[in-house]
Amino acid sequence: MKQEAILKKIQERCANTFVDTLNIKFIEVGEYYLVAKMPVTSALLQLDGVLHGGATAGLAETVGSAACAVFCAGDDITIRGIEVSANHVRGVRSGHVYGKAVATHMGKTMQLWHITITDDNNKLVSSCKLTTLSLSRKK
């Protein structure tokens, strides 16, 4: 499947979900990586005016889980994120942040993803980790 078709399919699956609430858009897919961007809006800021860590973690889990769906899932598989962690190293007040999920382990059942969150100037904002499970759908 071509990159544009993959990105469109992922975006359509996220309609009317938390992903829409954060206005996350999937923008690039490659060999075992996926990139998404999220606007930094006033609704996503902490009281002191920087991007809320929870919104950043939401972007990380979204792009990592979507990457797992692209690279690991079939129609008979369901994906679950079981752990997400984030180390925030830079505050962002405006613009966009970009999440790039790269597979570090692609097991049959468990996958590990490293997600880097960067700003419009490609400076590191957060370094995140996500563990996903690929489970058989119950019939």
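One aromatic pair is present in the structure, which is a predicted model. Its members are Tyr 32 and Phe 71, with ring centres 5.3 Å apart and planes at 45 degrees, an arrangement classed as tilted. Tyr 32 sits in the loop between strand 1 (25–30) and strand 2 (33–39), while Phe 71 belongs to helix 3 (residues 53–72), so the pair ties together parts that lie 39 residues apart in sequence.

Both residues can also be described by how much of their surface is accessible. Tyr 32 has a relative accessibility of 39% and counts as partly exposed. Phe 71, with a relative accessible area of 25%, is partly exposed; buried would require a value under 20%.

The loop and helix of this pair belong to a fold with three helices and six strands. Along the sequence, these elements follow the order α-α-β-β-α-β-β-β-β. The radius of gyration is 15 Å, close to the 14 Å that the globule rule gives for 139 residues, so the protein is as compact as a globular protein of that length. Taken along the principal axes, the box filled by the C-alpha atoms is roughly 50 × 25 × 25 Å.

Of the 139 residues, 41% count as buried. Among contacts between residues at least 6 apart in sequence, 59% join residues at least 24 apart.

On the outside, the accessible surface comes to about 7,900 Å², and carbon and sulfur atoms account for 51% of that area. The protein carries 16 positive and 12 negative charges, and the mean positions of these two sets are 3 Å apart.

How values were computed:
Residues numbered from 1 in each chain as written. Predicted model: local features only at pLDDT ≥ 70, side-chain atom pairs only at ≥ 80, totals over all residues. Heavy atoms only, no water. Helix = DSSP H or I, 4+ residues; strand = E, 2+ residues; numbered from the N terminus. Rg over C-alpha atoms; globule rule 2.2 N^0.38 Å. Buried < 20%, exposed > 50% of the residue type's maximum accessible area, 1.4 Å probe, protein only. Contact = heavy atoms within 4.5 Å. Areas by Shrake-Rupley, 256 points an atom, 1.4 Å probe, with all protein chains shown as cover. Lys, Arg positive; Asp, Glu negative; His and termini not counted. Charge placed at Lys NZ, Arg CZ, Asp CG, Glu CD. Phe/Tyr/Trp six-rings, centres within 6.5 Å; stacked < 30°, edge-to-face > 60°.
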